[in-house]
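User: Please take a close look at one part of this model for me: its nonpolar interior. Start there and work your way outward.

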Amino acid sequence: MKSPKLVSILIPVFNERAFLRRIIEQVLRAPLPTGCQRELIVVDDGSDDGSGDLLDQLQGEHPRIIKAFHQERNMGKGAAIVRAIENMSGDIAIFQDADLEYDPKDYI
């Protein structure tokens, strides 16, 4: 039997507290192809609006699915994505902006 594929959903975050819980919930509910599992790699890029604390809370609510990382200072979206890629375990990567620019329902 073929093992399921792991989809790594990479989410860079900078001062997105207002959207963070909603996007994480949408990503957790988003449809994936049959047999696929998901992991969320979320990198807080030095936010100063409480996004990092909320991210830690969300990770605590979903410890087997969400992997949270924190940059000490804002290093830019590219650096956050690089950190996410370095820490992903999946066979497939999806980039998801935390500001809801992309709809997780489109993952399929």
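Analyst: Let's start with the residues that do the most touching. The largest nonpolar core has 22 residues, and Ile9, Ile11, Leu20, Ile24, Leu40 and Val42 touch the most other members. By nonpolar core I mean a set of buried Ala, Val, Leu, Ile, Met, Phe, Trp, Tyr and Cys residues joined through side-chain atoms within 4.5 Å; buried means under 20% relative accessible area, exposed means over 50%, and partly exposed is in between, using a 1.4 Å probe and protein chains only. E1, H1, E2, H2 and E3 each put at least two residues into this core, with H1 giving the largest share, five residues. There's also a second, separate core of six residues, with Leu10, Val43, Phe69 and Ala80 among them.

Quick housekeeping: this is a predicted model, so local features need a pLDDT of at least 70 and side-chain atom pairs count only at 80 or more, while totals for chains, interfaces and linings use all residues. Numbering runs from 1 along each chain as its sequence is written, and side-chain values use heavy atoms, leaving out hydrogens and water.

Now zoom in on Val42. If you skip its neighbours within four places in sequence, Val42 is in contact (heavy atoms within 4.5 Å) with Ile11, Val13, Ile24, Leu55, Ile66, Lys67, Ala68 and Phe69. Phe69 is one to remember, since it sits in the second core and yet is on Val42's contact list.

Leu55 on that list leads us to H2. The buried residues of H2 (residues 51–61) are Ser51, Gly52, Leu54, Leu55 and Leu58. They cover an arc of only 160° around the axis (the directions run from the helix axis to the C-beta atoms), which puts them on the same side of H2. That buried set packs against strand E1 (6–13), helix H1 (17–29), strand E2 (37–45) and strand E3 (66–71). Flip to the face of H2 turned away from the buried side and you find Asp53 and Gly60, which are exposed.

Stepping back, the chain has three helices and four strands, arranged along the sequence as β-α-β-α-β-α-β. These elements are DSSP runs, helices being H or I with at least four residues and strands E with at least two, numbered from the N terminus. Buried residues come to 41% of the 108 in the chain. Of the contacts with a separation of 6 or more, 78% join residues 24 or more positions apart. A compact globule of 108 residues would have a radius of gyration near 13 Å, and the chain's 13 Å agrees; that radius is taken over C-alpha atoms, and the globule rule is 2.2 Å times the number of residues to the power 0.38.

On to the charged pairs. Side chains of opposite charge can pair when their charged atoms come close. The whole structure has five salt bridges, each defined as a side-chain nitrogen of Lys or Arg within 4 Å of a carboxyl oxygen of Asp or Glu. Lys67, which we met as a contact of Val42, bridges to Glu39 with the closest N and O atoms 3.1 Å apart. Lys67 lies in strand E3 and Glu39 in strand E2, so the pair ties together parts 28 residues apart in sequence. Glu39 is buried at 4% relative accessible area, whereas Lys67 is partly exposed at 29%.

Asp97 and Lys77 also meet in a salt bridge, at 2.9 Å from N to O. Asp97 lies in the segment after strand E4 (92–95) and Lys77 in helix H3 (residues 77–87), so this pair ties together parts 20 residues apart in sequence. Asp97 is buried at 9%, and Lys77 is partly exposed at 44%. Elsewhere, Arg21, Glu25 and Glu61 are linked in a salt-bridge network.

Last, two backbone oddities. Asn15, in the loop between E1 and H1, has a positive phi of about 50° although it isn't a glycine. Leu100, in the segment after E4, isn't a glycine either, yet has a positive phi of about 70°. Asn15 is partly exposed at 28% relative accessibility, and Leu100 is partly exposed at 24%.
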